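Here's a quick tour of one protein chain, starting from a single helix and then zooming out. Have the model open as you read.

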Amino acid sequence: DSDEKPQRERGTLKDTLPRRPIVLIALVCAASVILATTLFVYSSPTTVDDVAKLGFIASLGAVSTSVGIIFADSLSHIFAFGLALLFVGNGDIKSSMVAASPPLILAALASTKGPRSIISSLDSSFILKPITLQACCLLPFLTLIHQSIMNPEYLNFSTIPSCSVAFMTLLFMCVYSKNRAHKNGYLLTSEMKSQAIFAGISMLLSCSIIESQPGASSAAMVVFLLGSLFVLLFSYAFASVADHWYTVGSGQFQMVSLDTAGMMLYVVCPVVILHLRFLDKYGESIASKSTVVKEYLQSTGVLSEGDVYGEDVISFSLVMTLAMITSIGVPLLNALCPMGGYLFSRAYTHGQPNTKKVALCVNFSDLPRDTDKRNSIWNSLEKKIMDSQTTTAVLNIFVTLEDITIFPTELKLMAEKGHAIALAPTEFQETFCGLSLFQGNKSSCNLQIAHDEYSDIFEKGPSWVLAKSADSIGRHPSLLRGASDLGMKVAYWSTLVQLTAEKLTSEQKDAVSGDCSDKNGGSIIYVALEKGVSPNSVSTALCELIDILDG
């Protein structure tokens, strides 16, 4: 099966996957670096002596954010962020190490299983709510406006372009999150959300340390964060357009993204060029006139009196605004769009709509061990066939390498009943698990072994693998590429149901029924137990889900 060439989805490019996704990532980073550096140079009223250094700093920001997006892991992002901060500074190694210590310490703690479980246990149900996103990002922005009015030395023309990019990125984040296709399809589990909170706090702490150091250069941090923001801006543009067109699979996502890139090339690029030429020609004139207006407003009492420095002073609130948007934007994008999966594998968050079919997925380890409770699930499926006159009503069961090794007979019986058996990445078991960023060879090796064991038991290769993460390496590009090479598709989900009790909550019931009726089929519903919940409690919830589903 793995030797067969993957069939191309309808409406996709000729080649389903790019031969070298790293080239596409490099192009986005290069464009972000050029835009960040050029925008800062053209909008800054002061003379910039070393443009190459600014470009290098912007590239560090762009690469660190790209790592967080491609690996879909906040811990990998924070490690790359901390590593990049070591090279952003005034040449003082000690100061750079102090500034980079919060993210690097967090990454080191997360490499050990004990501290990692603590970092993953924070109640994070509030983090992706729209009001939380708006409050976290707008408060520093409003503080910047207030500080600019109360302290005239911060009221500079140079902050306007940077604020425009920040506001545009924030607008994309809010609009995309509010109008996403899957209202309950966040791709981050509760553990991953908790890790994102700790990562965001450590990022903001590092920026605060840098700004508080004597002789710190705010310009360097602004360029660094602008490089990050432009990568986010490009990513949100590609993801939101594809989500609006409800693309199915990696092939359609890449086709729509190619159209989006063409639109940027022919529409956005000329606008950016005209804007930069405008700044080049009229920037100094507008800056000088703004100084005159500022002095007039001071004389009338509208603005408070203050010294107007000859040098360019950048507000601390501007740096924190850019940092806040970056710290929230990366995990939010990972929750809405599997960018790495679309680039490195044949990934799906949903199937074809209007098919009146849905996929109900569950981990084998989450199924009840009690025979009576498990039989109640099978009886509910049989009753579903009789009541709704559907041809099939089966589960999609994800199994790890350990499950295949320990329960081969039980899995074969499930397969004979018609249930689909798919692979799931193996979770970390050792005390020192390390960051997923460095587990590429391990992930590919485990996937190959699981594929071979599966083929020996079922006499055919697996068709699907779950893109699981948190305590696994299920979203590492090496695993995604390995799955594609083995002929497997990668399953995410359009609806996530995390069970904390025996029965579904009313919100979960409404979410499942609403998502299924909205697209009239094609939904991938993934049911997972929260840590510490007994598998025997899943039977009642699964039976309720089976009764709710129409497909």
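## Helix 4 and its surroundings

Let's start with a length check on this predicted model. Helix 4 covers residues 93-110, and because each of its 18 residues counts for 1.5 Å, the span should be 26 Å; the end C-alpha atoms sit 25 Å apart, which agrees.

That doesn't make for a straight rod, though: helix 4 bends by about 55° at Ser101, with a proline, Pro102, following within four residues. Pro102 is also one of the buried residues of helix 4, a list that includes Ser96, Ala99, Ala100, Pro103 and Leu106 as well. Ala107 and Ala110 complete that buried set. So what covers them? Here are some of the elements involved:

| Covering element | Residues |
|---|---|
| Helix 3 | 74-85 |
| Helix 5 | 113-119 |
| Helix 8 | 190-212 |

Now for the outside. Ile93 and Met97 belong to a nonpolar surface patch of about 600 Å², together with Phe56, Leu83, Leu86 and Phe87. Leu86 sits in the loop that links helix 3 to helix 4. Its relative accessible area is 30%, so Leu86 counts as partly exposed, a class that runs between the 20% and 50% cut-offs.

Zooming out, the protein chain has 19 helices and eight strands. It's 551 residues long, and 54% of them count as buried. Take the contacts between residues at least 6 apart in sequence: 82% join residues at least 24 apart. The accessible surface of the chain is about 24800 Å², with 60% of that belonging to carbon and sulfur atoms.

Technical notes. Residues are numbered from 1 along each chain as its sequence is written. This is a predicted model: local features need pLDDT of at least 70, side-chain atom pairs count only at pLDDT 80 or more; totals for chains, interfaces and linings use all residues. Side-chain values use heavy atoms; hydrogens and water are left out. Helices (H or I, at least four residues) and strands (E, at least two) are DSSP runs, numbered from the N terminus. The expected span of a helix is 1.5 Å times one less than its number of residues. The bend at a residue is the angle between axes fitted to the seven residues ending there and the seven starting there. Buried means under 20% relative accessible area, exposed over 50%, partly exposed in between (1.4 Å probe, protein chains only). Contact means heavy atoms within 4.5 Å. Patches are made of residues with over 30% relative accessible area and no salt bridge: like charges are joined within 9 Å, nonpolar side chains (Val, Leu, Ile, Met, Phe, Trp, Tyr) within 5 Å. Accessible areas come from the Shrake-Rupley method with a 1.4 Å probe; for residues, only the protein chains shown count as cover. A salt bridge is a side-chain nitrogen of Lys or Arg within 4 Å of a carboxyl oxygen of Asp or Glu.
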